[in-house]
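Please open the structure in your viewer and keep the selection tool at hand, since this tour goes from one selection to the next and says what is found at each stop.

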Amino acid sequence: QMAVSLPKSSVEFSDPNYWKKFFSIHRSPFEWYGDYASLGYVLEKYLKPADDILQIGCGNSRLASELYDVGYRRILSIDTNAAVINEQTARNRERASLKFQVKSATETGLDEESQNVVLDKGTLDALLPPGDEGAVQLVKSMFDEVTRVLASAGRYIIVTLAQEHIVRAWIGHFLPTNQFILRIHKIDTSASGFPMPVFVLVATKMKMRMPMAMPMEFCRPGQDKPVRLSDAEGVLESINSEQYLSRFVHHCAKPLSAEASIVLSSADGNPRYKLYVVDDPAVDPPKTYSVFIVPIGRDGDWLFATEKGRRSLRLQCQMDRLAIVTLYRESVYESLEEIKDELTAFTIRLNPVKDAKGVPKPYNFCSLGEHDVKKTVATGESEMNGRWSVEDVVIREKEYRRLVFLSSQNLVQSEAAFRETKKKGKKAISFDTLACEHHEVMLLSFALLEDCPLVRPDTVPLRVAVLGLGGGLLAGFLLKNLAKARVTGVELDPAVVKIATDHFSFPSSDPRMDVRVMDALDYLKEIAEGDESSKQDVIMVDLASSMSAEGLSCPPPVFLEETALKAMRGALAEGGILALNLVTRDEDVSKAAKEKVGRHFATLAVVSSEEDVNEVLIAARSEAKTPFDSAKLMASLDRSRPWITRCAENIDKLALV
């Protein structure tokens, strides 16, 4: 019977005949918009125990009874339906000061300015169907009557579903008077077994008309400060956003068979967070829940940028439900705590893990431990790579600078650490350490050289080519820490070379640095076909691209084709070493890449970085497997250099395959 009596449309909801039928079926109180437990925290902001309160269109709601029970005594409730007024009177015999009368909200018979509060729970919604001109005049009469009976500083409080025509009618009547301050509250409530996006509209009456328009404010759940809005469109946009959020929460009430996502915007309408909900559909109800915050710049990683990756992340986190949050580069985030505070009001609504009373249990925010606070240093656009940004970031309390190409899935191209300078408060790019872990792994290629620079970094002559310059950090590091090295940086995009020089202190004019602005494939072919003096001792391939159809992020697929691999081998001097950064989450793609490289290089080692994103393939140009005595090498390393000590920690990973 309950299911039959629920309204099937907003038009039926606004039909008085519907309500007569509804109340004839539901003799017991029915709180369509939520009870005092749901509404009380907002109502208490505007009600005082000594207030004279008029409730219009009370129906069989228990709201007046609940207000009485928490200390409000001077309440008159009116309705045009005599049956419900009789029921209310009988039900509230023990609440002597409560009054119930058969009256119309358009003609209350009350004295002018006699009421401190007029309370409307669903009456406006019921009286104003969309497109009914007769109802518009009726509602105008009700608004005029409310204005007449309200005392100075009195509040007209409307509990509503806030359909667009309702909100426009409310704003259109009260805002032009310049005598009412308008405020909207979103309420988190549920009734009748399903969530309802309910709002409270508050119009506060001033003593007199003001010479300027009065403000309009919007209050979101869980936020202390209201947001100031300038016009009706801004109000409607805020309401629509909250209604969409409520529908999303309702959609996530049960375990999801496929992930769901939503964009959360700031008060000014700009996107601030994108949130994905990933469930184990086999667990109902879910028993574990957590929120994972993805650091800025990592949202292009396979783990966060693909549905398959996000499912993998949920499994790694061992959660039945995982909410994954990515941040927008255009927004400013002061701290991780600020992010948690902003997200809590929404993520708590997605928490499926509740106690016996239905209260959500505590849950954790987790991340990679490296949320960053960002300051943009420079931006621009490259003809080849699109928009770019140079940013100073704080990661795990350390300061870094990084280059990001925004059009390539926010792919971080280069990252540099800062060092303190002698001048207090000044910082400079450091070439003493490498900020990217896969760059450190690439240094293990030196361990396979016959004349190892890890043993004699100041005296070993070395020719190194870095394919893919980025911010120039790897090339600059090699130049500084290997005194006899000559480094060639190969970069297709001339804009990148300028960015590296201008913003990353890249030593492009150093006589030992040779910058080649050209296609890396053309460079390899040129060197491979040249004489022995042009061949390289080490070639480091650190070429990135957006995710390809082949499932590769690094290198672009063309660099794993037979022609390219043959050119790489040909560009190496006898006994030379290739270090290639490989990024893919597809095991079959990874296996195929290693097999291709292995067909051209007899000696091949694969080292995974701790970031669990990159694999570095280290291969030697030799006709047979190059012998590698790790114990002998470890005994002879120059441990006075911190970067070599760091290499020593990784050498045991250098297992030949």
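## A tour by selection

Start with P555, which is placed in the loop between β23 (536–541) and α18 (562–570). As you look, keep in mind that this is a predicted model. Add C554 to the selection, and you have the two residues joined by a cis peptide bond, with omega at about -15°.

Another cis peptide bond can be found by selecting D284 and P285, where the bond leading from D284 to P285 has omega near 5°. Here P285 sits in the loop between β11 and β12, and those two strands lead to the next stop.

**The open sheet**

Select β10, β11, β13, β12 and β14, and you will see five strands that form an open sheet in exactly that order, with mixed pairing. At the edges are β10 (260–265) and β14 (364–366), each of which pairs on one side only. If you look across the sheet, the twist from one strand to the next averages 25°.

Now narrow the selection to β12 (residues 289–294) and β14, which pair in the parallel sense over three bridges. To see one place where these strands meet, pick S290, whose bridge partner in β14 is N364. Then bring in helix α13 (residues 336–347), which packs on the sheet and touches β10, β11 (271–279), β12, β13 (321–327) and β14, while the direction of α13 makes about 60° with that of β11.

Before leaving this part, select Q318, which lies in the loop between α12 (307–317) and β13. Its phi is near 55°, a positive value in a residue other than glycine. Is Q318 buried or exposed? With a relative accessibility of 66%, Q318 counts as exposed, because the cut-off for that word is over 50%.

**Strand β4 and its partners**

Move next to β4 (residues 115–121), a strand in which six of the seven residues are buried, so that β4 is largely enclosed by the rest of the structure. Add β1 to the selection, and you will find four bridges joining β1 to β4, with the two strands running parallel. Within this pair, I56 has D120 of β4 as its bridge partner. Strand β4 also pairs with β5 in the parallel sense, this time over six bridges, and Q115 has L150 of β5 as its bridge partner.

Stay with β5 (residues 150–160) and select A153, which lies in this strand. A153 is not a glycine, although it has a positive phi of about 70°. With a relative accessible area of 42%, A153 is partly exposed.

**The cavity**

For the last stop, which residues line the largest cavity? Select L54, I56, A105, T108, V118, E145, V146 and V149, and the lining is in view. The elements that each give two or more residues to this lining are β1 (53–56) and α8 (133–149), and α8 gives the most, with three residues. By character, the lining divides into six nonpolar residues, one polar and one charged. About 30 Å³ of space lies inside the largest cavity, and the structure holds one cavity of 30 Å³ or more. I56 is worth selecting again here, as this residue belongs to the lining and also has D120 as its bridge partner in β4.

Technical notes:
Residues numbered from 1 in each chain as written. Predicted model: local features only at pLDDT ≥ 70, side-chain atom pairs only at ≥ 80, totals over all residues. Heavy atoms only, no water. Pairing = 2+ DSSP bridges. Axes fitted to C-alpha atoms, helices over the stretch in contact; angles between N-to-C directions. Contact = heavy atoms within 4.5 Å. 1 Å grid on protein atoms, 1.4 Å probe; cavity = no way out; pocket = protein on both sides within 12 Å on 5 of 7 lines; lining within 4 Å. Points joined across faces, edges and corners; volume = space filled by probe spheres on them. Nonpolar A, V, L, I, M, F, W, Y, C, P; charged D, E, K, R; others polar. Buried < 20%, exposed > 50% of the residue type's maximum accessible area, 1.4 Å probe, protein only.
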